[in-house]
Amino acid sequence: MVVIDCQNLQKKYKGMAALNGITFQLEDHKITGLIGRNGAGKTTLLKILAGFIRENSGEVRVFSNKPFNNLRVSANSILVDDQMSFPDSLTLADILEAAPSFYKRWDAGLAASLFDYFRLNPKQLHFKLSKGAKATFNMIFGLATRCELTMFDEPTNGMDEAVRSDFYRALLKEYIAYPRSILISSHHLAEMEHLLEDILLIHKGKVVLHQSLEEVKEYAVALQGQTDIVEKLTAEKDVLHIKQLDSHRKYAVIKKEDSLGVEGVTIQTVSATDVCMFMTSERKGGIDDVFK
Ligand SMILES: Nc1ncnc2c1ncn2[C@@H]1O[C@H](COP(=O)(O)OP(=O)(O)OP(=O)(O)O)[C@@H](O)[C@H]1O
């Protein structure tokens, strides 16, 4: 079943395009990583999907409904981010108590166990929590809703190493026990790679790549060897990244293809993180280009 359907989605802020024709579909029961550089449009996309803001043009459907101001969408989806706000007068315990009246699949047992594990104080007010404690509470809230569509925007921001690793584990365990559609934006692809089935890579408000993680890992190869041989081999190719290693050796990343074997050149795999970084880089040589 298609949970999210975006067709040529556009969003502008004061005339500047944040989303510039986003088209993709998300099937249910998958964990998808929403990856992109700063300013790529990830938060804007998530806010539109959650129904918080409205697109300027194009089509967006969540559970076949337009999400903006839609009760069916908001009761079955949640966006966990650092802007989640609750009434100032409510303690954390009050928030957890009120949650099931809106989220019908709310799991009070899970919320209570995670709350204890992370040693949160039930009498604390949400707006007074530290950055890390707020991120932890929001994550617990998001998981306990068991919403059919659960979206996280940079959920580990502010969490320490141990909490981040616990979060990824809790997310995976929850997903296995109660499958749902999870869309998670992060700058830390490498550390959450083990969770992901698919990658949705966006750049400048457009989808650059939407593939399974396995396909992304197979997307490119790196050639390393004598400069003239590497240059000859990559002359007609779509080069994603290039780096001069020393006075006579070069490193180049190209789209994977068969029969590249040439003596004097080693062929290496390219990680999903690097594929995403190279495909969204303005310069083929990255930061090195600035110092040429
Ligand atoms: N409320 C706003 N008013 C004006 N411009 C905005 C607003 N929100 C976002 N933008 C702009 O829209 C573009 C996309 O921003 P968005 O926050 O969606 O990107 P992002 O991929 O989430 O970035 P980051 O990884 O840095 O959080 C950026 O150029 C940003 O400056």
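**A guided reading of the predicted model**

Helix α5, residues 131–145, lies across β5 and β6 and runs at about 165° to β5. The model in which this helix appears is a predicted one. Helix α5 offers a convenient entry to the fold, since the two strands that it crosses belong to an open sheet of six strands. Before that sheet is followed strand by strand, the overall dimensions deserve a brief account.

The chain contains 10 helices and 13 strands. Its C-alpha trace spans about 70 × 40 × 35 Å along the principal axes. Of the 292 residues, 36% count as buried. When contacts between residues at least 6 apart in sequence are considered, 68% of them join residues at least 24 apart.

The six-stranded sheet has the order β5-β6-β7-β3-β8-β9, and its pairing is mixed. Its edge strands are β5 (77–80) and β9, each of which pairs on one side only. From one strand to the next, the twist averages 15°. Helix α1 packs on this sheet and touches β3, β5, β6 (149–153), β7 (181–185) and β8. The direction of α1 makes about 150° with that of β6.

Both senses of pairing can be followed by starting from β8. In general terms, the strands of a sheet pair through backbone hydrogen bonds, in either a parallel or an antiparallel manner. Strand β3, residues 31–35, pairs with β8 in the parallel sense over four bridges. Within that pairing, glycine 33 has isoleucine 199 of β8 as its bridge partner. Strand β8 (residues 198–203) also pairs with strand β9 (residues 206–212), here in the antiparallel sense and over six bridges. Leucine 201 is matched in this case with leucine 209 of β9. Strands β8 and β9 form a hairpin with two residues between them. In the turn of that hairpin, lysine 204 has a positive phi of about 50°.

A second open sheet consists of three strands in the order β2-β1-β4, with antiparallel pairing. Its edges are formed by β2 (16–27) and β4 (57–62), each pairing on one side only. Neighbouring strands of this sheet are turned by 20° against each other on average, with direction ignored. Strand β1, residues 2–13, pairs with β4 in the antiparallel sense over five bridges. One bridge of this pair joins glutamine 7 to glutamate 59 of β4.

Attention may now turn to the ligand. The residues around the ligand are Tyr13, Lys14, Ala18, Gly36, Asn38, Gly39, Ala40, Gly41, Lys42, Thr43 and Thr44. Which element gives the most to this shell? Helix α1 (residues 42–49) does, with three residues. The helix that contributes in this way is also the one that packs on the six-stranded sheet. By class, the shell comprises three nonpolar, six polar and two charged residues.

Two loop residues merit separate inspection for their backbone geometry. Asparagine 69 has a positive phi of about 55° although it is not a glycine. Asparagine 69 is located in the loop between β4 and α2 (71–76). Is asparagine 69 buried or exposed? Asparagine 69 counts as exposed because 10 other C-beta atoms lie within 10 Å, and the limit for that class is 12 or fewer. Arginine 146 likewise is not a glycine, yet has a positive phi, of about 50°. Arginine 146 is found in the loop between α5 and β6. With 18 C-beta neighbours inside 10 Å, arginine 146 is classed as partly exposed, because a buried residue requires 20 or more.

At the level of domains, the chain is divided into domain 1 (2–214) and domain 2 (218–291). The centres of the two domains, taken over C-alpha atoms, are separated by 35 Å. Contact between them involves 13 residues of domain 1 and six residues of domain 2. On the domain 1 side, α7 (189–192), β8, β9 and α8 (213–217) each supply at least two residues. Strand β8 gives the most to that side, with three residues. By class, the side of domain 1 that touches domain 2 has eight nonpolar, two polar and three charged residues. Strand β8 thus links several parts of this description: β8 pairs with β3, forms a hairpin with β9, is touched by α1, and contributes to the side of domain 1 that meets domain 2.

Technical notes. Residues are numbered from 1 along each chain as its sequence is written. This is a predicted model: local features need pLDDT of at least 70, side-chain atom pairs count only at pLDDT 80 or more; totals for chains, interfaces and linings use all residues. Two residues are in contact if their C-beta atoms, placed from the backbone, lie within 7 Å. A residue is near a molecule or strand if its C-beta atom, placed from the backbone, lies within 6 Å of it. Ala, Val, Leu, Ile, Met, Phe, Trp, Tyr, Cys and Pro count as nonpolar, Asp, Glu, Lys and Arg as charged, and the others, Gly among them, as polar. Two strands pair if DSSP finds at least two bridges between them. Axes are lines fitted to C-alpha atoms, for helices over the stretch in contact, and angles run from 0 to 180 degrees between N-to-C directions. Domain bounds come from an automatic or database domain assignment.
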